[in-house]
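Colleague: Please take me through this model, beginning with its backbone.

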Amino acid sequence: MNKAYQTVRTRAGVVGNYGLTRGSEAGWNPFVSTTPGPRNVLNGDLGDLIPLMFGDSGFDPATFDIEKQQAAIHRTPFAAEYEANSTDLSKFFGRGGKLLLWHGLDDPAPSPFATIDYYERAVKANGRSNIRFFAVPGMYHCSNGPGADTFDPLTALEQWVEHGKAPDKMVATNRTAGIERPVCAWPTLPYYRSGDPSRAGSFVCR
């Protein structure tokens, strides 16, 4: 378990794999095989992705050596198309663009730590005025999970672009559980203050 939570780095400090978050465990199986049964590309068997990711259709992922092969997989055509790693957003911001990022904090697939890392590097490179990131507690991969997972980032983005109102908080709901929660601009997170715990107004971003 502890290995799943740990971010793996090369000796030079380059990230090979971002750790998963505590709270994401119930959603692991579609992406990380935790129960018996057939494997597929969503639970550890990379299948047809192997030649794309490693440039070799016969490559055995079990033999992967982070020190020897980490750099090479980032030079493949697949990586050039799939990875969004550059923080040079000057042309986008120069045209008036605004970047609103969000990630489920309990996502069992792409780790939210990867998005947090990108956001922090992007802010360092560009400043925070045109960038906001929202971590959504209790949300799995894009939706679902025990937390409040339904919110409206599009309206928040419209208000930002068209009226200059940068979002620092949104309200998310989980209709099945009957709860609301604030979705807070990173690095703040919602903490219970007082009142009805099912209502967003009972929480504060800090």
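Colleague: Which phi does Gly-127 take just after helix 6?

Modeller: The model is predicted: local features need pLDDT of at least 70, side-chain atom pairs count only at pLDDT 80 or more, and totals for chains, interfaces and linings use all residues. Residues are numbered from 1 along each chain as its sequence is written, and side-chain values use heavy atoms, without hydrogens and water. Helices (H or I, at least four residues) and strands (E, at least two) are DSSP runs numbered from the N terminus. Just past helix 6, Gly-127 has a positive phi of about 85°.

Colleague: How far apart are the end C-alpha atoms of helix 6?

Modeller: Helix 6 comprises the 15 residues 112-126. At 1.5 Å a residue (times one less than the number of residues), helix 6 should span 21 Å. The distance between its end C-alpha atoms agrees with this: 21 Å.

Colleague: Which strands do the buried residues of helix 6 pack against?

Modeller: Buried (under 20% relative accessible area, 1.4 Å probe, protein chains only) in helix 6 are Pro-112, Thr-115, Ile-116, Tyr-118, Tyr-119 and Ala-122. They cover an arc of only 165° around the axis (from directions to the C-beta atoms), which puts them on the same side of helix 6. Their packing partners (heavy atoms within 4.5 Å) are strand 3 (99-104) and strand 4 (131-136).

Colleague: Why does Cys-142 form no bond with the closest cysteine sulfur?

Modeller: The structure's 1 disulfide (sulfur atoms within 2.5 Å) links Cys-184 and Cys-205, with sulfur atoms 2.0 Å apart. The sulfur of Cys-142 is too far for a bond, because the closest cysteine sulfur, in Cys-184, lies at 20 Å.

Terms used
Buried means under 20% relative accessible area, exposed over 50%, partly exposed in between (1.4 Å probe, protein chains only).
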